[in-house]
Amino acid sequence: MTVPPVNQGAPQAPAAPVPGAPHAGAPAGQMPQPGAPAGRPMSPPGRPVPGPPQYATAATGLVKVYGSGPAAVHALGGVNVGFPRGQFSAIMGPSGSGKSTLMHCLAGLDVATQGQVTLGGIALTGMPDKQLTQVRRDRVGFIFQSFNLLPTLTAEKNILLPLELAGRKADPQWFQTITQALGIAERLRHRPSELSGGQQQRVAVARALVTRPEVVFADEPTGALDSKSGTNLLNFLRTSVNQFGQTVVMVTHDPVAASYADSVTLLADGHIAGRIERPTPEAVLDALRRLGG
Ligand SMILES: Nc1ncnc2c1ncn2[C@@H]1O[C@H](COP(=O)(O)OP(=O)(O)OP(=O)(O)O)[C@@H](O)[C@H]1O
């Protein structure tokens, strides 16, 4: 099912709740048009992809089929999408529409059946596992609903883990900037069990940002948080985009959470079903109703 693009006439939003902070990044509406990239030759894995460099992460002709034969599930049916550098983008759609599958393919956590994925202008498609693991570790940050912190490590050690695994040293100034901005500088010696849910998620956010990744992928990051902790987290993600130039791509079911983003990409039945620029909760809710979500 598809609905027409829903950005026309959508009310202008107080979409960025950070006072005085303008939306940043590339101009809106530069998503590859369906069919446009067809015929473009596949770039070898790990090589720069020719074309506009404004997308931190993009997919062309992305198909994902789980299983085979009569049991095959067509989760993505040829998706063309780009998420601009230095912007906060949300992905929404009804349950089963392919949001997590799209995010996992973009982040190199899952391999597409067909099509091409780029991260920072580099082709991920066909990349050997070892190289892909390295790309995920060095160039991607993840925030999950379930924090995924190691219980035996302190907050500080959890945050530094991606750098340690990569054999890299922390930039002390950047570490201080993010832990202070997240309000966890006083909690660094605590283990996850000694922290509140909101604090644990903020540690997970610091861990995602510590490598200064190309893209932070967030999958329902506020799903397990109370509303105040959720608001704090969304405000921080917004700040990381506005102040640090971070690119954030977030899957969410929550229209209020989506209204913190610069744009919302809508999925339905494995296809792009529209896009809302400067979303308001009302515009998002309206679009989701039209999609039956
Ligand atoms: N590992 C898998 N094996 C088989 N089918 C799968 C698998 N993962 C997802 N699917 C199917 O692919 C489709 C898209 O799933 P996906 O999880 O991407 O949707 P979603 O929009 O993220 O859903 P939700 O909002 O419920 O989390 C669904 O029909 C789902 O059942």
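Among contacts in the chain between residues at least 6 apart in sequence, 75% join residues at least 24 apart. Two residues are in contact if their C-beta atoms, placed from the backbone, lie within 7 Å.

This is a predicted model: local features need pLDDT of at least 70, side-chain atom pairs count only at pLDDT 80 or more, and totals for chains, interfaces and linings use all residues. Numbering runs from 1 along each chain as its sequence is written.

The chain has eight helices and ten strands. These are DSSP runs (helices H or I, at least four residues; strands E, at least two), numbered from the N terminus. Of its 293 residues, 46% are buried, that is, 20 or more other C-beta atoms lie within 10 Å of their own.

The largest nonpolar core holds 73 residues. Such a core is a set of buried Ala, Val, Leu, Ile, Met, Phe, Trp, Tyr and Cys residues joined through C-beta atoms within 7 Å. Val205, Ala206, Phe217 and Leu237 touch the most other members. Helix α5 (residues 197–209) gives the largest share, six residues. Leaving out residues up to four places away in sequence, Val205 touches Ile143, Leu182, Leu233 and Phe236.

The residues around the ligand (C-beta atom, placed from the backbone, within 6 Å of it) include Tyr66, Val73, Lys99 and Thr101. β2 (73–84) and α1 (99–106) each supply at least two residues of this shell. α1 gives the most, three residues. The shell splits by class as follows.

| Class | Residues in the shell around the ligand |
|---|---|
| Nonpolar (Ala, Val, Leu, Ile, Met, Phe, Trp, Tyr, Cys, Pro) | three residues |
| Polar (the others, Gly among them) | eight residues |
| Charged (Asp, Glu, Lys, Arg) | one residue |

Methods. A residue is buried if 20 or more other C-beta atoms lie within 10 Å of its own, exposed if 12 or fewer, and partly exposed in between; C-beta atoms are placed from the backbone.
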